[in-house]
Amino acid sequence: MTEFEKLRVVIGYEFLKHIRRKRLYIILALTLLAELAVLILVPVLGDGFPDNIMVMAAILSIGPSLATIGAIFFAGDAIAGEFESKTGFILFTNPVRRTTLVIGKYIACYGSVLMLIVLGYLIVAISLLAIYGSIPIETGGSFGLCLLYTGAVLSVTFFFSAVMKGSMSATVITLVFIMVISGIIDSVLMMTGQPHWFMLSTNGDSIATIYGGYETFMGGMGGMGDIPFDFEDPSISLSVLSMSLYLAACFVASLFISNRRQLA
Amino acid sequence: MSEPIVIENLTKYYNKFLALNNLSLTVPANENVGLLGPNGAGKSTTLKILCGLLRASSGTAYIDGVDVSTKPEKALAKIGAIVETPEFYSFLTPEETLGYLGRLRGMDGDHLKSRIKEVIKQVRLEEWSKVKIEKFSRGMKQRLGLAQTLLHDPPVLILDEPGLGLDPRGVVEFRAIIEKAGQEKTIFFASHQLTEVTQICKQVAIIDHGRLLAFDSIATLKKKYKSLERAYLELTEAPLD
């Protein structure tokens, strides 16, 4: 039996795990609620829907949050859980490489988060079609960036899952790293005019700013008053580079650490 | 043919704590060997190294002539193992769990299905075969643990306290299954239960502080020390009243 055949087996059973978890359906329901809230609140609190379709498309882009929450909740226990709950005592005594197990888990997690993202973008597409009668071509680019961002966030989560002893600590640390630490450093770099293309939160912003940048987005929302510094739109190409680096580096590190880790 | 289990000068440190001290041992083919020793003697560490879960600080462990540290997949293909109290994915049923583990070992189709039925019947989990493991007691998980060691009919069984958590009936049934399996397989079996070891094994290895104190037939040890219990207590330096 080849490692590739074993990989297919691992992916199948790991995917089964995700679709049997309540958290998948909770996040799916939250996605629907979030998009519904945007569709109701924007016209109610403003003067109807924005005239510019790009603004509405950007507002509806909850892809980065979905990718982050989905990836963290599905992958936080991917590696740490095998050690913490001791299921590794059964799994790792089988003739299968740990690399195969980790890759299989990664692909299954990615597939599960992809379901959420596809649902989110379907809602965006249907809503824009219903309100404006068209879907901007940039939606495809936004979707592509979101897929890459998902891969990057998953790799970061796998890295922390490989390093940490417990699933909960891996989940919390990844959440804090991506949503708090990265966001704070990103804001500081942005306000002081320093390059910040390498921050994951900037990369996440590119998923929405592809529709026209911060200025279009804020102008379309009625402006944000006088801001004492300039917002520099994230460069799409640099964001792609940054996300690719996160994806590759963190995933390779998680493979290395998982292979070295012992089950005492 | 190589010996099923060969341990050569195995040493293991956990930071500065010496868990195994130059341990060497050979388990001959089709023999059932018990591994005895007090808590912290190094029994589980030895079995974990054999199962590829831990790396030795020095020395080598071979399964059927294959070095576990350099070719773990090839070595692990020959064994069925229970290490510590087995835990399984709670979202799967026993049938699904065995299906997963069987497929990882290259089993498939009708052969896998019939083996799953056989081993589930053997460990008496028929009524629970389609129930999610999240509802299982420790003893039921232990039964499933034994089922997964037998599923692929491996020539070598490595068992770490397999009777732990079982009720008296479970212990008797368990012993019968292992005794039967031991007629055609090599079993390396760590336990604190001297009675259990006596019933299943003809030879025992007694270790303490990571060192091999004795490796002999139970009959010889009984002759020399009057009973296996006395042999165990004298060798591991416990006070004798």
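Here are some exercises with worked solutions on a predicted model with chains A and B.

**Exercise 1. Describe the secondary structure and overall build of chain A.**

Solution. Start by counting elements: chain A has 12 helices and zero strands. Its pattern along the sequence therefore reads α-α-α-α-α-α-α-α-α-α-α-α. Next, turn to the radius of gyration, which is 20 Å for chain A. The globule rule gives 18 Å for 264 residues, and because the two values are close, chain A is as compact as a globular protein of that length. For the outer dimensions, the C-alpha atoms of chain A fit a box of roughly 60 × 40 × 30 Å along the principal axes. Finally, look at the contacts in chain A with a separation of 6 or more: 82% of them join residues 24 or more positions apart.

**Exercise 2. Decide whether helix α10 of chain A is enclosed or not, and say why.**

Solution. First, set the background: 47% of the 264 residues of chain A count as buried. Then take α10(A), residues 200-209, one residue at a time. The buried residues are L200(A), S201(A), T202(A), N203(A), G204(A), D205(A), S206(A), I207(A), A208(A) and T209(A). That makes 10 of the 10 residues buried, so α10(A) is largely enclosed by the rest of the structure.

**Exercise 3. Work out which parts of chain A touch chain B.**

Solution. Begin with the size of the contact: 20 residues of chain A meet 25 residues of chain B. On the chain A side, the elements that contribute two or more residues are α1 (3-19) and α6 (88-91). The largest share, four residues, belongs to α1(A). To finish, sort this side of chain A by residue type: 10 are nonpolar, five polar and five charged.

**Exercise 4. Trace the pairing of strand β1 in chain B, and characterise N15(B).**

Solution. On one hand, β1(B) (residues 5-14) pairs with β2(B) (residues 17-27) in the antiparallel sense over seven bridges. Within this pairing, Y14(B) has F17(B) of β2(B) as its bridge partner. On the other hand, β1(B) pairs with β4(B) (residues 58-63), again antiparallel, over five bridges. Here I7(B) stands opposite A61(B).

Now move to the loop between β1 and β2 of chain B, where N15(B) lies. The hairpin has two residues between its strands, and N15(B) takes a positive phi near 55°. Is N15(B) buried or exposed? The cut-off for exposed is 12 or fewer C-beta neighbours within 10 Å. N15(B) has 4 inside 10 Å, so it counts as exposed. As a last check on its surroundings, the C-alpha atoms of N15(B) and G40(B) are 15 Å apart, with their positions 25 residues apart in sequence.

**Exercise 5. Lay out the six-stranded sheet of chain B and place two helices against it.**

Solution. Write down the strand order first: β6-β7-β8-β3-β9-β10, an open sheet with mixed pairing. The edges are β6 (79-82) and β10 (211-217), each pairing on one side only. From one strand to the next, the twist averages 15°. At the β10(B) edge, β9(B) (residues 203-208) and β10(B) pair in the antiparallel sense over six bridges, and D208(B) is bridged to R211(B).

Then add the helices. Helix α1(B), residues 43-50, packs on the sheet and touches β3, β7, β8 and β9 of chain B. Its direction makes about 145° with that of β7(B). Helix α9(B), residues 228-235, lies across β3, β9 and β10 of chain B, at about 160° to β10(B).

Methods: Residues numbered from 1 in each chain as written. Chains lettered and ligands numbered in written order. Predicted model: local features only at pLDDT ≥ 70, side-chain atom pairs only at ≥ 80, totals over all residues. Contact = placed C-beta atoms within 7 Å. Nonpolar A, V, L, I, M, F, W, Y, C, P; charged D, E, K, R; others polar. Pairing = 2+ DSSP bridges. Buried ≥ 20, exposed ≤ 12 C-beta atoms within 10 Å, placed from the backbone. Axes fitted to C-alpha atoms, helices over the stretch in contact; angles between N-to-C directions. Rg over C-alpha atoms; globule rule 2.2 N^0.38 Å.
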